[in-house]
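These are my notebook entries on a structure that I had not examined before. I set down what I looked up, entry by entry.

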Amino acid sequence: MGGPVNPGYTRHHPRWHRRRIPIFWWLEKASYTKFIARELTSLAVGYTALVLMLQVWSLARGPESYDRFVSWLQLRPVVALHIVMLGLLVYHSVTWLSLAPRALVLRFARRRLPGTVVLLMHYAAWLVASAAVLWLLVAG
Amino acid sequence: MTEPVTFQIQRYRPEVEDEPTWESFGVPCRSEWMILDALNHIKDHVDGSLSYRWACRMGVCGSCGMLVNGEPVLTCATYVTSVLPGPVRVEPLRGFPVMRDLVSDISDFVRKLESVKPWIVRKSEKSLEEGEYLQTPREMGEYEQYSMCINCMLCYSACPIYELEPDFLGPAVIALAQRYNLDSRDEGSEERMDILSRQDGIWCCTFVGECSAVCPKNVDPAGAIQRLKVTSTVHAFKSLLMPWAGR
């Protein structure tokens, strides 16, 4: 047989092999892809927060500034973009809320509430917040 | 089974090759065989140099975890019939350096496990005369799920974050830390939280959730990590708003 063929190997200093992680590792499994999609849709959350802040800022600068902002919102490409953003926001919210029961342990009468109850409480809070925003818009 | 099942097994013999290679074996499996039985057949009858770990053959020791068709499983608890039609691809657990064939170096896991003190820590021990530490079934129920961990490291293999960030403590270590944090007899949670709350601890986890999906004992390490994030955040806010109250 002779000596080892691989010169980097010796009995007392063996060479461990560590795989090179492929750049598209997140395509190896559907669950990894879903996870990356959830993470990426947080950009839509950031974008929406930015738009809201700009809206408040333009409101503070006076009626003319606000009118300009509203007319920008009404441009067709912007409306199309915001429909896409709404879809991404809903995906992010639903996947995020579905994780909540795993993180939150709530008890009632010393018993742990089932995960579905925790999930429904989050959806109820979401509904209440959305209704409050809608009321503000309609009342305003 | 009438036809032999083709097993494609990752080989790595560091004395003769730089990179792992694939080797195929036709194995005349019986219908009741597990993947581990097929590996044992290859080692006993075809190639005695094939290296892999196993011990109990009943899903308790956690030694025989491998990737089968890309999924981390206990090979002693996975029927060959469940992965047919072949070929059946068997690889070592992902995320750990491979020593030989299907054997990984798990010393990183062992070192991290020791760091979180996975045992009951007491500030002062009771004397023998005072009796044992009693616990109600409800108190035991708080941590029982996490105590089912058998250190098989399938969760590490499923976690892409552990492979991308090798300093990450990892799912099983954190779940076992949580097991002792929730134990009514334990007084070491503050020491553990110092380690768990570091950047390479719970905050490294981005909640992919695969660790819980592959766990053969339904431990739910991902849930443990998220619960610890909530605990750590509450501690941080408490110490910020009420610094006089301690931890």
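Entry 1, a proline in a loop. I began with P85(B), which I found in the loop between β4 and β5 of chain B. I then looked up the bond that precedes this residue: L84(B) and P85(B) are joined by a cis peptide bond, with omega at about 0°. The model is a predicted one, and I read the geometry in that light.

Entry 2, a second loop. I turned to K117(B), which has its place in the loop between α2 (107–115) and α3 (137–143) of chain B. I noted that phi of K117(B) is near 50°, a positive value in a residue other than glycine.

Entry 3, confidence. I checked the scores of the model and found ipTM 0.81 and pTM 0.86. For chain B, I recorded a mean pLDDT of 92, with 98% of the residues of the chain at 70 or more. For chain A, the mean pLDDT is 87, and 89% of its residues reach 70 or more. Where in chain A is confidence lowest, and where is it highest? Strand β2 (residues 111–112) of chain A has the lowest confidence in that chain, at a mean of 79. Helix α2 (residues 42–60) of chain A has the highest, at 94.

Entry 4, the sheet of chain B. I traced an open sheet of five strands, in the order β2-β1-β5-β3-β4, with mixed pairing. Which strands stand at the edges? They are β2 (21–27) and β4 (71–74) of chain B; each has a single partner strand, so one side of each is left without a neighbour in the sheet. I noted an average twist of 35° from one strand to the next.

Entry 5, a helix on the sheet. I found helix α1 (residues 35–46) of chain B packed on this sheet, where it touches β1, β2, β3 (65–68) and β5 (88–91) of chain B. The direction of this helix makes about 95° with that of β2(B).

Entry 6, the partners of β1(B). I recalled that strands of a sheet pair through backbone hydrogen bonds, either parallel or antiparallel. I then examined strand β1 (residues 5–11) of chain B, which runs antiparallel to β2(B) and is joined to that strand by seven bridges. F7(B) has F25(B) of β2(B) as its bridge partner, and R11(B) stands opposite T21(B) in β2(B). With β5(B), β1(B) pairs in the parallel sense over three bridges. There, Q8(B) has R89(B) of β5(B) as its bridge partner.

Entry 7, two helices of chain A. I looked up how α4(A) packs with helix α5 (residues 115–139) of chain A: the angle is about 135°, and the axes are 8 Å apart. The two helices α4(A) and α5(A) are therefore oblique to each other. I recorded the crossing of α4(A) past α5(A) as right-handed. From α4(A), the contact is made by L97(A), S98(A), A100(A) and P101(A). From α5(A), G115(A), V118(A), L119(A), H122(A) and Y123(A) take part. I noted that the residues of this contact divide into six nonpolar, three polar and no charged.

Entry 8, the contact between the chains. How many residues does each chain give to the contact? I recorded 20 residues from chain A and 25 residues from chain B. On the side of chain A that touches chain B, α1 (30–40) and α4 (76–103) of chain A each supply at least two residues. The largest share of that side, four residues, comes from α1(A). I noted that the residues of this side of chain A divide into 13 nonpolar, three polar and four charged.

Terms used
Residues numbered from 1 in each chain as written. Chains lettered and ligands numbered in written order. Predicted model: local features only at pLDDT ≥ 70, side-chain atom pairs only at ≥ 80, totals over all residues. Contact = placed C-beta atoms within 7 Å. Nonpolar A, V, L, I, M, F, W, Y, C, P; charged D, E, K, R; others polar. Pairing = 2+ DSSP bridges. Axes fitted to C-alpha atoms, helices over the stretch in contact; angles between N-to-C directions. pLDDT = per-residue confidence, 0-100. Parallel < 35°, antiparallel > 145°, perpendicular 65-115°, else oblique. Left-handed = near helix turned anticlockwise from the far one by under 90°.
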